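Got the viewer open? Here is a short tour, stop by stop, with something to select at each one.

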Amino acid sequence: MDICLLQESYKVVGIQARSVPWWWFVWQKPSNINTYVLNCDGSLKKKIYGSSGYIIRSSQGVPLFAGAIQCPIEGLSVYFHEAKAILYGIIEVVRSFSFIEHLEIRSDSKGVINMLNQKQYGDFPETFGEEEMKLINQIKSLAKCKLKSYRFVWVEREANMAADFLAGEVNKKGPQCHSRCLRYKGVNEFPRRLKSICEDDSNGIGRKRVAKTPNVLYR
């Protein structure tokens, strides 16, 4: 069965009988070899402290940099931390990788990606407030100013596991008195689990989701 996704930055490579449905999601390489990929994710633990993780990779999935920052400030939404991850990631690209001109920015936060793409966001609009909109405007302004081409793409969580890991890793010890920061300058510095995720992504190895219908179109 062929499956056509709404976004091309991940793909489904397996499907079982409908009685026990499961799907394999794969990190998708961009079609343009000159395009780099920035995967981003945010996390909010116990509605108290959050974190933002991001990873920069080549079109072939080779990691250049990975980072995460904890933000132990109460009252911020998960959308704030999701958007902050994107902003941190673009800032790192601009600051440390000036040769990157074409960037695909991926997140599993549909709300944040829809706002960045100026699509109407209908779910829980009360949690998307002034602070989130300020970040959205900063992201769009920085990308427009510093990159030749860019696009914001929503992906399923299973195709965003490296950033998901980073957002969780920085929160392992709970809230800190000051913002906790992780910076990995290349794959040799990666924790074993992150290295394994990146290897699977670059080799096209999928991740399984059971009994949950993905956002797909059948053809």
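Start by selecting M161, A162, F165 and L166 in helix 4, then add R193, L194, I197 and C198 in helix 5: these two sets meet each other. Contact here means heavy atoms within 4.5 Å. Helices (H or I, at least four residues) and strands (E, at least two) are DSSP runs, numbered from the N terminus. By class, the residues where helix 4 touches helix 5 split into seven nonpolar, no polar and one charged. For that tally, Ala, Val, Leu, Ile, Met, Phe, Trp, Tyr, Cys and Pro count as nonpolar, Asp, Glu, Lys and Arg as charged, and the others, Gly among them, as polar.

A word on what you're looking at: this is a predicted model, where local features need pLDDT of at least 70, side-chain atom pairs count only at pLDDT 80 or more, and totals for chains, interfaces and linings use all residues. Residues are numbered from 1 along each chain as its sequence is written, and side-chain values use heavy atoms, with hydrogens and water left out.

Stay on this pair and look at the geometry. The axes of helix 4 and helix 5 come within 9 Å and cross at roughly 165 degrees; axes are lines fitted to C-alpha atoms, for helices over the stretch in contact, and angles run from 0 to 180 degrees between N-to-C directions. So helix 4 is roughly antiparallel to helix 5 (angles over 145 degrees count as roughly antiparallel, under 35 as roughly parallel, 65 to 115 as roughly perpendicular and the rest as oblique). Helix 4 passes helix 5 in a left-handed crossing, meaning the near helix is turned anticlockwise from the far one by less than a right angle (clockwise would be right-handed).

Now show everything around helix 4. How many of its nine residues are buried? Eight of them, so helix 4 (residues 161-169) is largely enclosed by the rest of the structure. Buried means under 20% relative accessible area, exposed over 50%, partly exposed in between (1.4 Å probe, protein chains only). The buried ones to colour are M161, A162, A163, D164, F165, L166, A167 and E169. Their cover includes strand 4, strand 5 (49-57), strand 6 (63-71), strand 9 (181-184), helix 5 (192-202) and strand 10 (207-210).

Next, select S43, which lies in strand 4 (residues 35-45). S43 is buried, at 13% relative accessible area. Leaving out residues up to four places away in sequence, S43 touches Y49, G50, S51, H81, A167 and N171.

Swing over to helix 1 (residues 78-96) and helix 3 (residues 130-146), whose axes come within 9 Å and cross at roughly 20 degrees. That makes helix 1 roughly parallel to helix 3. To light up the contact, pick Y79, F80, A83, K84, I86, L87, I90, I91 and V94 on helix 1, and E131, E132, L135, Q138, I139, L142, A143 and K146 on helix 3. This contact has 12 nonpolar, one polar and four charged residues. Helix 1 also passes helix 3 in a left-handed crossing.

Then go to W24 in strand 3 (residues 22-27), partly exposed at 28% relative accessibility. Draw a distance to E158: the two C-alpha atoms are 8.3 Å apart, with their positions 134 residues apart along the chain.

Finally, zoom out. The protein has five helices and 11 strands, and 52% of its 219 residues count as buried.
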